[in-house]
Amino acid sequence: MKKNIILFAVWCSLTQIAFAQTQINSSNIKYRRSSLYTLMIDDQNRQYANVIRASFEKGPIPEKFNDHNLGSRVIPTSNLKDESANITAFLEANNVARDMVAKWFNRSAKGGFNMDLIADRGKYDAGALDIAKAKASQRGLEALADAGEELIKNTFILVNDYNYVSKEEVAKKASSWLNAIGEVAGSVDVKLTTDLTSSAVGVLGKGYVVKTNAYLYRLVWDEETAAIFYNDYWADDKTITAEKKSAFENSKQFKLEYIGTDTSWADVQSTSFTKKTEEELIEKATVKAIDAVIVKLQKNHDEFKTKTPLFTGEPITAKIGLKEGLSDKSKFDVLEQTLDKDGKTKYEVVGTIKVDSSYPIWDNRYGADEENQNSTVDKTFFKKVSGKDFYPGMLIVQKKGK
């Protein structure tokens, strides 16, 4: 009897340890994110221009991306409806593509490069990425190619052009329109509707609706660009020469590819009873606008879609929600990450999941914790459509059009 009790105690301890380890693994999942540099169009003639700029500059980079911001994040407006030509000219004049490469390779003041950032972001063995060793072996070259394909190639620039409209303006237009209907119709029902709407105007009239035109670019990193960089510009701090330092600084080799433009709207939920200042509402609107337009761009441009790790495998959950545009119709491919014989990363689709509508979708939008203070939801639940058993750390990517 005593022996059984001891065995049971040991089993309970092992079970607790295994459970704790699962929780640790699922909450500290490491995967390779795309990298993002965000900028904005600055129009000093717009109301609250300085508040908008300050809100943008201190706003967070979405956590599904690595922060690849450079020093300058503001582009002066051209005052044209389409800012794409102005943006392209700014990026080229300021050698942004070159500087993004310099950041990837951790360029020092002396002009030397190292692989520390790539090793860290890619979870690579830093020794395996040693340039001298890599050039001497096929496997080393494959490791470099994998790092370029998985990380450097997935570096994006997002330029936002904001247009803020106060809800009060929107509400006044709506009120005028409804009052006009009431005068023409003359019916009690319409008058009642107008009166109720006028009351609603007072409640809903504080805050901002934000229209965002977003321009998306991608750093070009192909075999030719990589070969030129490693052969012509690469040197660490011990081997850097004045000639190589100058050659990189004057290089026009690095390019950006224009992906496309999308427009999105973001709404800040508030009432006329809110205690928030105009500046606080604008800050909230700015961050929500970035999140909204990223969702739109990802739906329309597959190359910009991000991977998300499963948080748990049973039940199936992930740390994404309304901020990522999820609805009860959203479906995802489940990917299993493997390595081929050369050590390069491969992703195999092993199943499909969809949002489980029997649970609420996590509202992780900026400021949602203030608007829904009693909510305890911190993840979204999914159910299996097809595939084998899933486990924490498997990656999911939203299916096209879903």
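Leaving aside its neighbours within four places in sequence, which residues is I157 in contact with? Keep that one in mind while I set the scene. This is a predicted model, by the way.

Okay, the answer. Beyond those sequence neighbours, I157 is in contact with Y37, L39, L91, V96, M100, Y215, L216, Y217 and L256. I157 also turns up in the largest nonpolar core, which has 43 residues. There, I157 is among the six that touch the most other members, along with F105, I118, L129, W221 and F229. And helix α4, residues 96-104, gives this core its largest share, six residues. There's a second, separate core too, with 26 residues, including F65, L158, Y164 and A289.

Now the strands. Take β5, residues 208-219: eleven of its twelve residues are buried. On one side of the pairing list we have β4, residues 155-166, which runs antiparallel to β5 over eleven bridges. If you want a spot to click on, N163 sits opposite K211 in β5. Then β5 also pairs with β6, residues 256-267, again antiparallel and over eleven bridges. For that pair, look at Y215, whose bridge partner in β6 is T261.

Last stop, the pocket. The largest one comes out at about 400 Å³. It's lined by 15 residues, and the closest to its centre are L141, L144, A145, E223 and A226. Helices α7 (138-150) and α10 (223-233) each put at least two residues into that lining. So what's the chemistry in there, how many nonpolar, polar and charged? Seven nonpolar, two polar and six charged.

That's my tour, thanks.

Conventions. Residues numbered from 1 in each chain as written. Predicted model: local features only at pLDDT ≥ 70, side-chain atom pairs only at ≥ 80, totals over all residues. Heavy atoms only, no water. 1 Å grid on protein atoms, 1.4 Å probe; cavity = no way out; pocket = protein on both sides within 12 Å on 5 of 7 lines; lining within 4 Å. Points joined across faces, edges and corners; volume = space filled by probe spheres on them. Helix = DSSP H or I, 4+ residues; strand = E, 2+ residues; numbered from the N terminus. Nonpolar A, V, L, I, M, F, W, Y, C, P; charged D, E, K, R; others polar. Buried < 20%, exposed > 50% of the residue type's maximum accessible area, 1.4 Å probe, protein only. Pairing = 2+ DSSP bridges. Core = buried A, V, L, I, M, F, W, Y, C linked by side-chain atoms within 4.5 Å. Contact = heavy atoms within 4.5 Å.
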